[in-house]
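Student: Please pick one part of this structure and take me through it closely. After that, I'd like to hear about the other features you would point out.

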Amino acid sequence: MPDVFTAADARHWALLTRAALAARRTEIDALNVFPVPDGDTGTNLYLTLDAAIDEVVASHEAGGVLGHATLAQECRSLKRAILLSARGNSGVIVSQLVGGLCDAVLDSGVEEAGPVLVADALARGARTARASVAHPQEGTILTVADAGAAAAVQAAEGGGNLADVVEAAVDAAQEALARTPEQLEVLRRAGVVDAGGAGCVVLLESLLSIVTDRWSVTDADLLGGGPGLLRRDEWHPEGGDGATVLPGHDPLDAEGQRIGDGPAYEVMYLLLDTDDARVETLRTTLDGLGDSLLVVGGPDLWNVHVHVDDPGAAVEAGIAAGRPERIRITRFETQVAGREPVATVGVVACSAGPGIGALLEEAGAVVVPSGPGGRASAGQLLDAVRRTRATAVVILPADKDTLMAAAVAAEAATADGVDTHVVPARTTVQALAALAVLDPARPVHTNVVAMTGAAVATRHGAVSVASKEALTWAGVCQPGDVLGIVDGDIAFLGKDLEAAAVEVLTRLLGGGGELVTLVAGADAADGLAEGVAAVLERERPEVEVVVIDGGQPVYPLLIGVE
């Protein structure tokens, strides 16, 4: 394979890293005891990259280069996007790690990076990340990044190919991660390695998978977060003091004492309309107010992060320095950001088509567009949860590939003080069935039980048309074949959409049913749903039929049986 890193590799690396962080975020959260034991490092890293990818996709769509941007375009877009989306201490540091790497590629002027440039990029990323921290501490992500970069440079200088360079970086980073408890007492007492450093290892492992072409993942995994893709090293080293570490909880050492202490609040905001002199004054002011200070970016956009006991003073310092935007204040003890609740139970629902979306909105849900080729991200779902302004929220993914993104959003929203739950509705018809039993006057947990029961009791099917030759459970399909889908599996092949839909219904109704929902898609022929409904009326008059103009792509007809 070519010994270069291309624009396509960069896209795959970003997507694979997001999928890997999605799979390992809970594990990384459980390691989080430094600088604050708030159990959210893995989630913040995932959300940072997730939102950055959304931003890059949007900018490339607007510029007409989505899917075929040059390496320079990818680096330029990603550098700004990850600065905008950075969450938490580790998220900001990773934004600088990635930003420095992008700068090295941009300054080179090349469109394919060889082993020497990749090593130089890793080194520049590590330097940029370290320079961003007001008071660097060894035994953290900075140490791990430095070790990986140094090994990469040494391998490149020794004439190693691209795979050799990245593999050296991974090996050195893993070794450095294992040594972090020797460098930070708080890690040794907790019996864990550094959470940010673990995230850095995931980033490098993903890079190695790309350059060696040893990776296999579906589009759904890439877009929505997939299974564990990389080797799972033991991140809780032997020799700790028997600490207990739970995500979102204060860790306790062997004597039951709380590990870690510090300011009560995390303050983050973007800063615009400023200059270098005022930024330097801001950095000095915030350094006197608290710790974990990061003021990164420039010249037109800065990302500010600090832990303080007086969040008002930190925001006022930003106002004095320029124009703060996206201000986020989190109290570590309760992980509650201020908001004014106006509803008891809110609903966030994913919609694959405009008709479905309109129906969900009429039922009171905040709707997030989501479908094949463009499934909702965790960041989009989290924003929708906030828009409900509710004290408790239920998320309806309406797609099995969106379940993991929904789980991440729910955990992040709960950390912000919104009691958020995911109802495992894997299809549109299951989401509609769940929403039908919602009672906002009841407690959220009662609703979750009822909605989950309604969703899982709804049998589902669909018909679609094959676009290419493929091997299915029903045999080899050819372009134009009708696919009969029952409970998520291709059960048979046909030639006529209406006949196939009737066959799907016959199989679904084999176990009984009182209500059938037919959701017509954007590509459905006029009268398709009505024709199927007429057949049901003749053959199963006891069954009630509801027809909805959903407008979803790919599936001319979605079918639900309750």
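**The largest cavity and beyond**

Tutor: Let's begin with the largest cavity, which has 13 lining residues; nearest its centre lie Thr 17, Leu 49, Val 94, Val 98 and Leu 203. A cavity here is a set of points on a 1 Å grid over the protein atoms alone where a 1.4 Å probe fits but cannot get out, and lining residues have an atom within 4 Å of a point. Five helices each give two or more residues to this lining: H1 (7–29), H2 (41–63), H3 (71–85), H4 (88–108) and H9 (195–211). Helices are DSSP runs of H or I with at least four residues, strands are E runs of at least two, and both are numbered from the N terminus. H1 contributes the largest share, 4 residues.

Do keep in mind that this is a predicted model, with local features needing pLDDT of at least 70 and side-chain atom pairs counting only at pLDDT 80 or more, while totals for chains, interfaces and linings use all residues. Residues are numbered from 1 along each chain as its sequence is written, and side-chain values use heavy atoms, without hydrogens or water.

The space in this cavity comes to about 170 Å³, and the structure holds 4 cavities of 30 Å³ or more. By class, its lining has 11 nonpolar residues, 2 polar ones and no charged ones.

Phe 5 and Trp 13 form an edge-to-face aromatic pair, with 6.1 Å from centre to centre and 85 degrees between the planes. Rings pair if their centres lie within 6.5 Å, and planes over 60 degrees apart count as edge-to-face, under 30 as stacked and the rest as tilted. The structure holds 1 such pair. Both Phe 5 and Trp 13 are buried, where buried means under 20% relative accessible area, exposed over 50% and partly exposed in between, using a 1.4 Å probe on protein chains only.

For a contrast, look at Ala 150 in helix H6 (residues 141–157). Its relative accessibility is 46%, so Ala 150 counts as partly exposed. Ala 173 is 23 residues away from Ala 150 in sequence, and their C-alpha atoms are 9.6 Å apart.

Now turn to strand S3 (residues 302–308), where 7 of the 7 residues are buried, so the rest of the structure largely encloses this strand. Burial holds on both faces of S3: Trp 302, Val 304, Val 306 and Val 308 on one side, with Asn 303, His 305 and His 307 on the other. In a regular strand, side chains alternate between the two sheet faces. S3 has antiparallel partners in S1 (residues 265–272), through 7 bridges, and in S2 (residues 290–297), through 6; strands pair if DSSP finds at least two bridges between them. Leu 270 has Asn 303 of S3 as its bridge partner, and Val 295 stands opposite Val 304. The hairpin of S2 and S3 has 4 residues between its strands, and Gly 298 there takes a positive phi near 95 degrees.

Further along, 6 strands form an open sheet with mixed pairing, ordered S13-S12-S9-S16-S14-S15. S13 (489–494) and S15 (544–549) stand at the edges with a single partner strand each, so one side of each has no neighbour in the sheet. At one edge, S12 (residues 482–486) pairs with S13 in the antiparallel sense over 5 bridges, and Val 486 has Asp 489 in S13 as its bridge partner.

Conventions
1 Å grid on protein atoms, 1.4 Å probe; cavity = no way out; pocket = protein on both sides within 12 Å on 5 of 7 lines; lining within 4 Å. Points joined across faces, edges and corners; volume = space filled by probe spheres on them. Nonpolar A, V, L, I, M, F, W, Y, C, P; charged D, E, K, R; others polar. Phe/Tyr/Trp six-rings, centres within 6.5 Å; stacked < 30°, edge-to-face > 60°.
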